[in-house]
Amino acid sequence: MTGTDALPAYNFAYLDEQTKRMIRRAILKAIAIPGYQVPFASREMPMPYGWGTGGVQVTASVLGPDDVLKVIDQGADDTTNAVSIRAFFAKVADVATTTKTTEATIIQTRHRIPETPLEAGQILVYQVPIPEPLRFLEPRETETRVMHGLEEYGLMHVKLYEDIAQHGHIATTYAYPVKVEDRYVMDPSPVPKFDNPKMHCSPALQLFGAGREKRIYALPPFTDVVSLDFEDHPFAIQRFEAHCALCDARNVYLDEVVTDDRGGRMFVCSDTDHCETRRTEGHRGTGLPQTEGGETASTSREAAE
Amino acid sequence: MSTQPILSIRDLARRYGAFVACANISFDVWPGEVVAIVGESGSGKTTLLNCISGRMERSSGEVRYRMRDGRFPDLQDLSEAERRFLARTDWGFVHQNPADGLRMRVSAGANVGERLMAIGDRHYGNIRQTAADWLERVEIAAMRIDDKPVSFSGGMRQRLQIARNLVTHPRLIFMDEPTGGLDVSVQARVLDLLRMLVADLGLSVVIVTHDLAVARLLSQRMIVMKSGHVVEQGLTDRVLDDPRHPYTQLLVASIPEN
């Protein structure tokens with residue numbers, strides 16, 4: 001490859017400038033009305049719907065040559081979707097990419113918010129499959145728009161009621177509905193409810209793009225985001241009893257990994273960057289080979305406690 | 001009893017182009033009164049009911065409703081938010097087909113509780129208790145509270161729909177052939193329940209039916225419609241025992257003697 005000559009005649013970041021202007025206008029409107037779903041003219045992207053076409057369009061519109069991009073899928077930087085979207089922007093925008101949360105200026109995500117707290121100036125872009133939180137209860141788009149307009153959100157609680165009636169507790173674990181600035185009820189994309197509290201008053205700008213449904217919505221920095229609940233069944237995040245088997249982290253979202261066909265399993269951080277950072281800092285979990293002696297593992301655990 | 005009507009309809013008309021679905025309709029509904037609208041299929045009964053209840057736009061005329069604060073506005077002058085709020089708190093609408101009025105995929109308890117949650121009730125225990133009480137009032141076993149209406153019989157669905165509408169203590173209920181799809185014994189049970197609830201709660205009801213027996217059982221006053229016009233109105237017993245308009249005479253004569 002000999003630089004730009006070998007590339008096809010793409011505009012910077014794939015989308016043409018008029019499209020980016022259109023998407024930026026939608027983003028500005030979304031920021032002005034937190035939680036409101038702004039329609040936009042979603043383009044065909046060189047990837048199928050469901051792979052993050054909405055998120056990619058939002059990222060392409062806010063990306064500048066000096067930005068540093070991180071892409072995560074299920075918390076991991078090394079899964080197919082994350083790798084291919086990162087490679088996509090490295091190719092069509094020639095931007096720097098990273099896996100470090102702290103170094104990134106734009107983070108495109110599917111399913112997770114990084115464990116490392118975000119900072120002012122960072123942008124978190126979510127890929128959203130179904131932006132309408134009321135969709136599964138009310139199939140008519142005309143009706144859901146009126147319900148948003150008139151702030152008729154009783155139906156959302158019908159869903160939570162059903163959860164409690166059937167399971168004894170609110171069993172919704174992802175895409176847990178939130179109320180934004182005491183006005184719009186919003187679907188926070190399929191992030192686990194574990195991450196809902198991280199949205200509340202985050203110093204970073206959070207943008208949500210739904211490509212197939214052609215909607216963009218946003219949470220400006222320091223926006224109130226409250227998870228819906230009942231007075232006698234308050235919102236609670238998932239709790240894990242295990243520590244990460246690799247980095248011994250607690251109070252993080254863990255993935256269960258099956259290790260053999262005899263019931264062996266271990267729990268590891270879903271956020272790979274967080275896990276790696278902790279391991280370079282010297283934290284060692286019980287799942288790592290104990291060649292350096294059990295002493296290291298136990299001391300690091302004591303240090304953590 | 002109040003001396004002012006709760007609902008007042010004046011010169012109501014609904015046209016589809018040149019076709020007149022109903023016209024020149026005027027009547028009042030008083031607090032605690034059950035008014036039956038009867039007539040054959042296609043006589044404009046349901047159109048009339050939909051126009052009154054704001055489910056359909058009328059072509060002309062006025063419909064005024066006495067709000068709880070004593071105002072008596074035309075429903076068209078209310079904002080959509082106010083109309084919808086009215087429709088889910090102060091009013092009820094019982095459909096002929098319960099599937100139209102229920103959420104078939106959520107449990108009976110949630111169906112009854114939906115209106116409570118819509119007006120801001122956020123205490124699960126209280127909502128569930130109220131739902132259980134209402135199921136009992138409409139004679140549905142409390143153990144069915146977590147079952148979905150798809151597993152209910154036709155009569156149970158209709159009773160559930162009634163409970164769902166009454167949970168917010170509305171003042172005015174619209175009913176469109178509430179016993180239409182039910183077999184005779186179930187009909188009798190639903191009618192009995194309705195009569196009891198209406199009397200207990202002092203509800204005002206506008207009920208559309210083609211069944212004169214239902215009208216006689218439930219209503220105090222009756223409006224007979226034919227081809228979109230009111231041909232006769234008056235006390236139910238008077239209309240049925242001493243019909244004046246030839247069409248009403250025909251209707252009454254068509255009831256088999258037994």
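## A tour of pockets, strands and one buried glutamine

About 1,200 Å³ of space lies in the largest pocket of this predicted model. Its lining is built from 33 residues, and those nearest the centre are A:Glu143, B:Arg55, B:Arg84, B:Ala87 and B:Arg88. Several elements give two or more residues to this lining: from chain A they are α4 (141-149) and α5 (154-167), and from chain B they are α2 (80-89), β5 (91-94), α3 (98-101), α4 (108-118) and α6 (154-166). The largest share, five residues, comes from α2(B).

The second largest pocket holds about 370 Å³ of space. Of the 17 residues lining it, A:Phe136, A:Lys159, A:Tyr174, A:Ala175 and A:Asp187 are the closest to its centre. Here is how the two linings divide by class.

| Pocket | Nonpolar | Polar | Charged |
|---|---|---|---|
| Largest pocket | 11 residues | eight residues | 14 residues |
| Second largest pocket | 11 residues | three residues | three residues |

### The sheet in chain A

Let's turn to the strands. Chain A has an open sheet of seven strands, in the order β1-β9-β8-β5-β4-β2-β3, and the pairing is mixed. Which strands stand at the edges? They are β1 (38-39) and β3 (96-97) of chain A; each has a single partner strand, so one side of each is left without a neighbour in the sheet.

Within this sheet, β8 and β9 sit side by side in the order. Strand β8 (residues 205-210) of chain A pairs with strand β9 (residues 215-219) of chain A in the antiparallel sense, over five bridges. To find one of the bridges in the structure, look for A:Phe208, whose partner in β9(A) is A:Tyr217.

### An enclosed strand in chain B

Strand β3 (residues 34-38) of chain B has five of its five residues buried, so the rest of the structure largely encloses this strand. In a regular strand the side chains alternate between the two faces of the sheet. You can follow this in β3(B): B:Val34, B:Ala36 and B:Val38 point one way, B:Val35 and B:Ile37 point the other way, and all are buried.

What are the partners of this strand? β3(B) pairs in the parallel sense with strand β7 (residues 204-209) of chain B over five bridges, and B:Val34 has B:Val205 as its bridge partner in β7(B). β3(B) also pairs in the parallel sense with strand β8 (residues 221-226) of chain B, over four bridges. In β8(B), the bridge partner of B:Val35 is B:Arg221.

### An enclosed helix in chain B

Helix α1 (residues 45-52) of chain B has seven of its eight residues buried, so this helix too is largely enclosed by the rest of the structure. The buried residues are B:Lys45, B:Thr47, B:Leu48, B:Leu49, B:Asn50, B:Cys51 and B:Ile52. After α1(B) comes B:Gly54, with a positive phi near 75 degrees.

### A buried glutamine in chain A

Finally, meet A:Gln238, found in the loop between β10 (225-227) and β11 (254-258) of chain A. Is A:Gln238 buried or exposed? Its relative accessible area is 17%, and the cut-off for buried is under 20%, so A:Gln238 counts as buried.

What does the side chain of A:Gln238 reach? At 3.0 Å there is the backbone nitrogen of A:Phe194, and at 3.4 Å the backbone oxygen of A:Thr173. Leaving out residues up to four places away in sequence, A:Gln238 touches A:Thr173, A:Pro192, A:Lys193, A:Phe194 and A:Tyr253.

Key: Residues numbered from 1 in each chain as written. Chains lettered and ligands numbered in written order. Predicted model: local features only at pLDDT ≥ 70, side-chain atom pairs only at ≥ 80, totals over all residues. Heavy atoms only, no water. Pairing = 2+ DSSP bridges. Buried < 20%, exposed > 50% of the residue type's maximum accessible area, 1.4 Å probe, protein only. 1 Å grid on protein atoms, 1.4 Å probe; cavity = no way out; pocket = protein on both sides within 12 Å on 5 of 7 lines; lining within 4 Å. Points joined across faces, edges and corners; volume = space filled by probe spheres on them. Nonpolar A, V, L, I, M, F, W, Y, C, P; charged D, E, K, R; others polar. Polar contact = N/O pair within 3.5 Å; in protein donor to acceptor, adjacent residues only side chain to side chain. Contact = heavy atoms within 4.5 Å.
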